[in-house]
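Biologist: I would like a close look at a single strand and at whatever lies around it. Please go slowly, since I am new to reading structures.

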Amino acid sequence: MGTLQLHVFYLILLLTISSQVISKQGEWKSATATYTKQADASIITEGACGYGDLHKASYGKYSAGLSTMLFNKGSTCGACFEVRCVDHILWCLQGSPSVILTATDFCPPNYGLSSDYGGWCNFPKEHFEMSEAAFVEIAEKTAEIVPVQYKRVKCERRGGMRFSMSGSAHFFQVLITNVGLDGEVVGVKVKGSKTGWMPMARNWGQNWHSNINLVGQPLSFEVTASTGRTVASYSVAPANWQFGQTFEGKQFK
């Protein structure tokens, strides 16, 4: 191997190591983004995270569907990402402004189309399907798809975590929304006045369930984020709670 080839080899090796270090430090990563059209220019449909009306869930237009690589089987629901358009002089807005998005949906793969044309969410692509209202804050509306950079950021939420009850006496389910800190819930426990702390199982998205009859008991919830931090909201629901009600608990600080 000649001197020039050696220099090129070591330069490539250095760049590879540098990119791995940057990735581990949680710096900007590369992906792509498109937008979906809704009547009011935001994403309002329920989505794969189970949040229902996203305006009521406080996520509104700053919501996004994630490709398989980012969605992580629903675990990433509620996580926050800062996203900016880069490296396209025609489509990216001047100065590369960024938006903060909450993961609220899954962008399914379409293997009938090329990942470079239509199959934006095909594995292993990292892709954000944004609302039109959020997309036009970083790129031109006429763009079909744009290159972006993203990074995980802290979720800034108003008020406490919200616990929405559903199910039946023998299938109790709670939807957890408005989660601060990293926004990603990885574990939930529930406690009634007649029980100890019981782990709940993820049903889908951020819906968690238990097969224990908890009707008629005041309920407490313990929520664990992906950082390992845990917050307990004691007696957040009174003994006379009803299915369909939502209660506000404590928040990650």
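Modeller: I will begin with the whole protein, then turn to strand S13 and its surroundings, and end with the rest of the fold.

This is a predicted model, in which local features need pLDDT of at least 70 and side-chain atom pairs count only at pLDDT 80 or more, whereas totals for chains, interfaces and linings use all residues. Residues are numbered from 1 along each chain as its sequence is written, and side-chain values use heavy atoms, with hydrogens and water left out.

The protein has three helices and 15 strands; helices (H or I, at least four residues) and strands (E, at least two) are DSSP runs, numbered from the N terminus. Of its 253 residues, 45% count as buried, where buried means under 20% relative accessible area, exposed means over 50%, and partly exposed lies in between, with a 1.4 Å probe and protein chains only.

Strand S13 covers residues 219-225, and because seven of its seven residues are buried, it is largely enclosed by the rest of the structure. The two faces of S13 are both covered, with Leu219, Phe221, Val223 and Ala225 buried on one side, and Ser220, Glu222 and Thr224 buried on the other.

What joins S13 to its neighbours? In general, the strands of a sheet pair through backbone hydrogen bonds, either parallel or antiparallel, and two strands are said to pair if DSSP finds at least two bridges between them. S9 runs antiparallel to S13, and six bridges join the two; here Lys191 stands opposite Ser220 of S13. S14 also runs antiparallel to S13, joined to it by five bridges, and one of the pairings places Leu219 opposite Ala237 in S14. S13 and S14 form a hairpin with four residues between them, and in the turn Gly228 has a positive phi of about 95°.

Phe221 of S13 also belongs to a group of rings, for Phe163, Phe172, Phe221, Trp241 and Phe243 form one aromatic cluster. Rings of Phe, Tyr and Trp (its six-membered ring) pair if their centres lie within 6.5 Å, and planes under 30 degrees apart count as stacked, over 60 as edge-to-face and the rest as tilted. The structure holds 11 aromatic pairs. In one of them, Tyr117 and Trp120 meet edge-to-face, 6.5 Å centre to centre and with 70° between the planes; Tyr117, at 58% relative accessibility, counts as exposed, whereas Trp120, at 14%, counts as buried. Another edge-to-face pair, formed by Trp197 and Tyr234, has 6.0 Å centre to centre and 70° between the planes. This pair links distant parts of the chain, since Trp197 is in the loop between strand S9 (185-191) and strand S10 (198-199), while Tyr234 is in strand S14 (residues 230-237), 37 residues apart. Trp197 is partly exposed at 30% relative accessibility, and Tyr234 is exposed, with a relative accessible area of 56%.

Now for the nonpolar cores, each a set of buried Ala, Val, Leu, Ile, Met, Phe, Trp, Tyr and Cys residues joined through side-chain atoms within 4.5 Å. The largest has 30 residues, and Phe128 and Met130 have the most contacts inside it. Apart from this core lies another, of 25 residues, and Val223 is among its members, together with Leu214, Val231 and Ala237.

Elsewhere in the fold, six strands form a closed barrel that runs S1-S5-S2-S4-S3-S6, with mixed pairing. Within the barrel, S2 and S4 pair in the parallel sense over four bridges, and Gly65 has Asp105 in S4 as its bridge partner. S6, by contrast, takes part in antiparallel pairings: five bridges link S1 and S6, with Lys29 opposite Tyr150, and six bridges link S3 and S6, with Glu82 opposite Lys151.
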